[in-house]
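Student: I have a model open and do not know how to read it. Can we go through some features one by one?

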Amino acid sequence: MSRATQGVTLVTGGNRGIGLAITQTILEEGGEVVCVSRQAPELQHERLHSVIVDLGDREETKQAVGEINANHQVLNIVHNAGVIRPAQIEDVALTDLDYLTELHLATMVTLVQASLPAMKDAGYGRIVGISSRGALGLQTRTNYAATKAGMFGMRRTWALELG
């Protein structure tokens with residue numbers, strides 16, 4: 001087993017697209033995955049566990065992440081889940097900004113805080129946050145660009161604090 005598959009890997013949005021490809025790769029390499037998403041993955045595997053949760057809901061997320069970490073040694077986090085909610089600036093809804101901030105940023109903090117004790121005990125951990133080129137700006141992506149750009153700053157800060 002490679003160090004990339006040491007412990008359990010928690011993958012948000014691991015049921016489709018990029019997240020599903022990440023989940024499949026980790027399973028193929030012998031790792032164990034907890035897929036956290038709004039829908040169960042169609043993929044079935046003995047080392048794949050599914051947790052259904054809306055990561056835009058802070059309390060629901062905290063409860064789910066607490067249960068995951070109580071049952072699994074999460075040493076790897078891949079925060080891949082993402083939502084766009086496109087709008088021209090004239091139509092940008094602050095409720096959408098609130099939701100995307102919760103999903104893209106607050107969820108990442110929650111995941112890391114819950115898993116950090118196990119990572120420190122193991123002397124090993126990996127934190128990956130999937131951002132987007134949209135962080136550099138795209139039309140109709142005010143809220144998405146802001147929250148995805150915020151992921152860069154958080155990861156760099158954690159590299160300094162935890163490296």
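Student: Where in helix H3 does the kink lie?
Tutor: To find a kink, compare the helix axis before and after a residue. This is a predicted model. In H3 the kink lies at Leu-116 and is about 45°. The proline Pro-117 comes shortly after that point.

Student: What span should H3 have, and what do its end C-alpha atoms show?
Tutor: Count 1.5 Å a residue. The 29 residues of H3 should therefore span 42 Å. The end C-alpha atoms are 40 Å apart, which agrees.

Student: Which residue follows H3, and what is its phi?
Tutor: Look just past the helix. Gly-123 follows H3, and its phi is positive, near 70°.

Student: Which strands make a β-α-β unit with H3?
Tutor: Trace the chain from strand to helix to strand. Here S4, H3 and S5 form the unit, and it is right-handed.

Student: How many bridges join S4 to S5, and do they run parallel or antiparallel?
Tutor: Four bridges join S4, residues 74-79, to S5, and the two strands run parallel. Take one residue as an example: Asn-76 has Arg-126 in S5 as its bridge partner.

Student: How much space lies in the largest pocket?
Tutor: A pocket is read by its volume and its lining. The largest pocket holds about 450 Å³ of space. Its lining has 23 residues, and Gly-13, Arg-16, Asn-80, Ala-81 and Gly-82 are the closest to the centre. Helix H1 (17-28), strand S2 (32-37), H3 and helix H4 (142-162) each give two or more residues to this lining. H1 supplies the largest share, three residues.

Student: How does the lining of the largest pocket divide by class?
Tutor: Sort the residues into classes. There are 10 nonpolar, nine polar and four charged residues in the lining of the largest pocket.

Student: What volume does the second largest pocket have?
Tutor: Its volume is about 250 Å³. Of its 13 lining residues, Leu-116, Met-119, Gly-125, Ile-127 and Leu-162 are the closest to the centre. Leu-116 is also where the kink in H3 lies.

Student: Which element gives the most to the lining of the second largest pocket?
Tutor: H4 does, with four residues. H3 and S5 each supply at least two. By class, this lining has seven nonpolar, three polar and three charged residues.

Conventions: Residues numbered from 1 in each chain as written. Predicted model: local features only at pLDDT ≥ 70, side-chain atom pairs only at ≥ 80, totals over all residues. Heavy atoms only, no water. 1 Å grid on protein atoms, 1.4 Å probe; cavity = no way out; pocket = protein on both sides within 12 Å on 5 of 7 lines; lining within 4 Å. Points joined across faces, edges and corners; volume = space filled by probe spheres on them. Nonpolar A, V, L, I, M, F, W, Y, C, P; charged D, E, K, R; others polar. Pairing = 2+ DSSP bridges. Right-handed = clockwise from strand over helix to strand, strands pointing away. Expected span 1.5 Å × (residues − 1). Bend = angle between axes of the 7 residues up to and from the residue.
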